[in-house]
Amino acid sequence: MTGRRQFLKHGALTVSGIVLTGCSAIDTARVAQPATPSAARRAPFMHQGSAVRTIDMHAHCVIPEAMTLIGMDVFALYPKTMKGGQENMIVIADRVAAMDAQGVDMEVLSINPFWYTQERAVSTRVVNLQNEKLAELCAARPDRFAAFASLSLQHPDLAVQELEHAMRRLGLRGAAIGASVAGVDFADKRFDPVWARAEALGATLFVHPTGTPELAKRLQGNGWMANVIGYPLETTIALQHMVFEGVLDRFPKLKICAAHGGGYLPASAARMDHGCFVNPGACAHGPELKKKPSEYLKQLWFDSLVFTPEALANLVRQVGVSQVVLGSDHPFPWSERPVDHVLDTAALSDSDKAAILGGNARRLLGLD
């Protein structure tokens with residue numbers, strides 16, 4: 001990493017080795033630039049006489065030093081042709097400037113898991129390094145950044161310790177998790193100790209899919225179907241298992257926020273309700289649920305990354321405005337105008353918009 005490590009200076013504190021991109025690299029020739037005020041600060045959304053503090057719950061970064069621990073090279077993994085990849089090489093000043101232009105006051109950073117197949121010692125090193133770097137960054141700019149911890153979910157007892165340390169010692173706001181663990185669904189009871197600790201700590205678990213390799217052949221071809229179809233599908237499968245296998249009954253106060261509007265789950269809620277009625281034999285092998293499957297959506301949170309005002313209005317109608325938070329997938333340009341996406345949804349009241357833009361996230365993460 002010689003010549004590629006970056007040092008981000010904030011007064012007396014140096015934050016090293018963090019790449020504030022979705023999955024990309026930093027141009028080291030630009031690293032030593034001090035943070036400067038943005039020239040394009042967007043006017044805030046005003047509600048009841050006050051500016052709404054906007055919080056983006058779905059924003060990414062990677063830490064190359066952690067990736068090299070398992071032989072991954074971020075500089076080769078994400079080509080310059082990928083939007084949000086190496087062509088978005090930035091430093092903190094650039095990320096803050098982009099946030100200002102979008103009207104985003106705070107990003108809650110997360111790292112998509114790439115370490116779920118690693119043995120205990122290696123995973124420990126990856127997770128500890130990432131969590132410490134994220135905590136260092138958040139301490140440097142607490143006005144602009146919060147973060148979700150990484151966890152070694154393939155080793156549940158270790159994940160419990162990591163979550164405890166991240167919440168109590170590092171000040172992180174919960175954890176970012178995939179949508180399965182090396183092919184094992186979250187409904188497997190081996191993960192119950194993790195969910196129990198997260199519930200007790202009040203940790204938010206941000207579910208972000210990482211792919212469905214078992215469908216790789218079917219998702220080949222034009223249209224980037226592995227992401228466009230595969231990612232929402234993986235999230236839907238993960239959450240439906242948690243509903244139908246009783247995870248949300250066993251841990252009713254568990255706080256789960258799903259990326260990409262929860263995949264297809266909100267749109268298929270009514271079909272979930274009818275499935276066991278049409279074919280009761282297919283539902284006879286699991287626990288008896290305490291309520292209708294669709295009602296569990298009220299226990300979950302969903303980001304606003306659903307692209308159109310009509311889709312966002314439908315999401316709110318299905319799950320309730322209190323369960324929707326702002327999400328952009330920044331710096332990948334899935335939603336380059338995340339705040340405007342909410343403001344342009346005419347079906348929402350000003351109070352609804354204020355809640356989605358920041359109020360819900362503040363309560364969910366305990367940022368008040």
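Is asparagine 131 buried or exposed, and at what relative accessibility? In this predicted model, asparagine 131 counts as buried because its relative accessibility is 3%, with the cut-off for burial set at under 20%. The residue belongs to helix 4, which spans residues 120-140. Once neighbours within four places in sequence are set aside, asparagine 131 is in contact with Ala149, Ser150, Ala166, Leu170 and Leu172.

Turning to the strands, strand 11 (residues 300-303) is covered on both faces. Leu300 and Phe302 are buried on one side, while Trp301 and Asp303 are buried on the other. That split fits a general pattern, as side chains in a regular strand alternate between the two faces of the sheet.

Strand 11 also has pairing partners. Strand 10 (residues 255-258) runs parallel to strand 11, and 3 bridges join the two. Here tryptophan 301, one of the buried residues of strand 11, has cysteine 257 standing opposite. As for the connection, strand 10, helix 10 (residues 269-278) and strand 11 together form a β-α-β unit that is right-handed.

Strand 12 (residues 324-325) pairs with strand 11 as well, again in the parallel sense, this time over 2 bridges. Phenylalanine 302, buried like its strand neighbours, sits opposite valine 324 of strand 12. From strand 11 the chain passes through helix 11 (residues 309-319) on its way to strand 12, in a right-handed β-α-β crossover.

Notes
Residues numbered from 1 in each chain as written. Predicted model: local features only at pLDDT ≥ 70, side-chain atom pairs only at ≥ 80, totals over all residues. Heavy atoms only, no water. Helix = DSSP H or I, 4+ residues; strand = E, 2+ residues; numbered from the N terminus. Buried < 20%, exposed > 50% of the residue type's maximum accessible area, 1.4 Å probe, protein only. Contact = heavy atoms within 4.5 Å. Pairing = 2+ DSSP bridges. Right-handed = clockwise from strand over helix to strand, strands pointing away.
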